[in-house]
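This text walks through one structure, beginning with a long helix and moving on to enclosed spaces and nonpolar cores. Please keep the sequence and the model in view while reading.

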Amino acid sequence: MGSEKNSPIKSLMPTGLLGRSLLILMTPMLLLQIVTVLIFFERHWDTVARQLSRGLAGDVAYVIDYLGEYPDEEHYRSLQHSARAHMQLDIAFEPDEILEEQTIEPPLGLVSEELFVALTERVQRPFYFNLDLDNRRLEIRVQFKEGVISIVAPRKRLYSSTTYIFFMWIAGSALILYGVAVIFMRNQVRPIRRLAKAADQFGRGVNVDDFKPEGAAEVRMAASSFLSMRDRIARHLSQRTALLAGVSHDLRTPLTRMKLELAMQQSSPGVDALKQDVIDMERMVDAYLAFARGEEGEKAEPTEIGKLLTDQVGEALRDGQQIDLHIEDSLEMDVRPQSLRRCISNIMSNAGRYANNLSVRAGRRGHDYEIVFDDDGPGIPADKREEVFKPFYRLEESRNQATGGVGLGMTIARDSARGHGGDVILEDAPGGGLRVRLVLPIGH
Ligand SMILES: Nc1ncnc2c1ncn2[C@@H]1O[C@H](COP(=O)(O)OP(=O)(O)OP(=O)(O)O)[C@@H](O)[C@H]1O
Ligand SMILES: [Mg+2]
């Protein structure tokens, strides 16, 4: 198809309805989440980190100032006590220690940077901090003349856990939503699949059992329209066959009467020709009746095509025909076996009648199963290839008088092939004769 160019984006897109509807559903949601996280949350996180760092740095500054002003043992003890009680800070003094001063070196996280800035602002002394003292605590160390003050605080004072919870919620809710969407969409797509399968089977002449229309209103409507269309077509077909069979049957009585009438006439060239015409007409009517009766009510059933073909060729070989059979691969398909047999035997009997040798090849071609019959006879001119499918049409009447067909074989063959959703196609055989291609769609 011209419009369906294979652009790289298109080839990445899912082709199924399920995939597409999920894409339609999820793309806006993912975009929304990404935008939320990027724009809103980054700012929020910045602010939170700054506020928390300032709070902690303020407390540390208070402790440092207090100790600078009251360096005696008693004040130190009471500060230690109230800092633990009210600010969650553990204070310890390490005499004669010397600090290695904190530097900021990338890559330091956002929190470290904020804390560094806040401490530099508030604490006018050399300091050092370790944010990963252990899982739950961090340490800030400040240099005094007499030694180092170590202040240990819970990590919670700097890190807001809601940040991670928020992320978990976003990812988790996306997953849950996706799961729910998959379950719901699956249920919506299933009835469409079932309808497609039923339509495909009907097209190939396989009986479709009644199925209950399910799913969304539109799908249900399509399904019930399909079912009633199927019934209408079936009724129409059987009515037409019955009508033609009725007409043919009714023609037999006047034909018999004419035959009797003619038998009593004296022989003359005119009467003899008339007799021959009546005999021909009788044969046509009988051939049609035989076909119409056989057509009625045969059900499709799983059939091994290769075996059916082998049987049919075997029969023709016993009748003395020269046939070269080559089955590339066989397949089990739902077909009406009698109808398909009639189709194949009509094509082969033509080859037997109009040619000497026949080669038959069968195998899978893409979505079809193809049986190709090549003979070495005179072939059929290109402009007559559609004509021979018409009922009672025969090429070169004079030649055929001797061979004795009525001209229904090709009509019946094509009727059967089309009843299976396929076709009979006439071409030139490489060896000069006629090539008949019998194409049967395999179906989904
Ligand atoms: N393999 C073939 N090679 C050449 N001509 C063919 C071949 N098959 C069919 N034809 C031509 O097509 C015409 C129609 O074929 P069709 O099978 O419908 O009728 P028929 O063979 O004449 O009679 P019957 O009803 O007994 O089959 C034939 O009369 C014949 O002229
Ligand atoms: Mg024939």
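A residue is called buried when its relative accessible area is under 20%. The model shown here is predicted. By that cut-off, the buried residues of helix α5 are Thr-163, Ile-170, Ala-174, Ala-181, Val-182, Val-189, Pro-191, Leu-195, Ala-198, Asp-200 and Gln-201. An α-helix has 3.6 residues a turn, so residues three or four places apart point the same way. The cover over the buried residues of α5 includes α2 and α6.

The helix α5 itself is made of 42 residues. From its first C-alpha to its last it reaches 60 Å, close to the 62 Å expected at 1.5 Å a residue. After α5 comes Gly-205, with a positive phi near 80 degrees.

Next come the enclosed spaces. Rolling a probe the size of a water molecule over the atoms shows where empty space is left. Two cavities of 30 Å³ or more are found in the structure. The largest holds about 60 Å³ of space, and its lining consists of Trp-45, Val-48, Ala-49, Val-111, Leu-158, Tyr-159, Ser-160, Thr-163 and Tyr-164. Both α2 and α5 supply at least two of these lining residues, and α2 gives the most, with three. By class, seven residues of this lining are nonpolar, two are polar and none is charged.

The second largest cavity has about 30 Å³ of space. Around it are Pro-191, Arg-194, Phe-211, Lys-212, Glu-214, Val-219 and Ala-223. Here α5 and α6 each provide at least two lining residues. Four residues of this lining are nonpolar and three are charged, with no polar ones.

What of the nonpolar cores? In soluble globular proteins, nonpolar side chains tend to be buried together. The largest nonpolar core in this model counts 35 residues, and Ile-344, Ile-371, Phe-373 and Leu-438 have the most contacts inside it. Two or more residues of this core come from each of α8, β7, α9, β8, β9, α11, β10 and β11. The largest share, six residues, is that of α9.

Phe-373 shows how one core residue is surrounded. Neighbours within four places in sequence aside, Phe-373 is in contact with Ile-344, Ile-347, Met-348, Leu-358, Ser-359, Val-360, Leu-434, Arg-435, Val-436 and Leu-438. Apart from this core lies another, of 31 residues, which includes Ala-49, Leu-115, Phe-129 and Ile-149. Ala-49 also belongs to the lining of the largest cavity.

Note on methods. Residues are numbered from 1 along each chain as its sequence is written. Chains are lettered from A and ligands numbered from 1 in the order in which they are written. This is a predicted model: local features need pLDDT of at least 70, side-chain atom pairs count only at pLDDT 80 or more; totals for chains, interfaces and linings use all residues. Side-chain values use heavy atoms; hydrogens and water are left out. A nonpolar core is a set of buried Ala, Val, Leu, Ile, Met, Phe, Trp, Tyr and Cys residues joined through side-chain atoms within 4.5 Å. Buried means under 20% relative accessible area, exposed over 50%, partly exposed in between (1.4 Å probe, protein chains only). Helices (H or I, at least four residues) and strands (E, at least two) are DSSP runs, numbered from the N terminus. Contact means heavy atoms within 4.5 Å. On a 1 Å grid over the protein atoms alone, a cavity is a set of points where a 1.4 Å probe fits but cannot get out, and a pocket is an open set with protein on both sides within 12 Å along at least five of seven lines; lining residues have an atom within 4 Å of a point. Grid points are joined across faces, edges and corners, and a volume is the space filled by probe spheres set on the points. Ala, Val, Leu, Ile, Met, Phe, Trp, Tyr, Cys and Pro count as nonpolar, Asp, Glu, Lys and Arg as charged, and the others, Gly among them, as polar. The expected span of a helix is 1.5 Å times one less than its number of residues.
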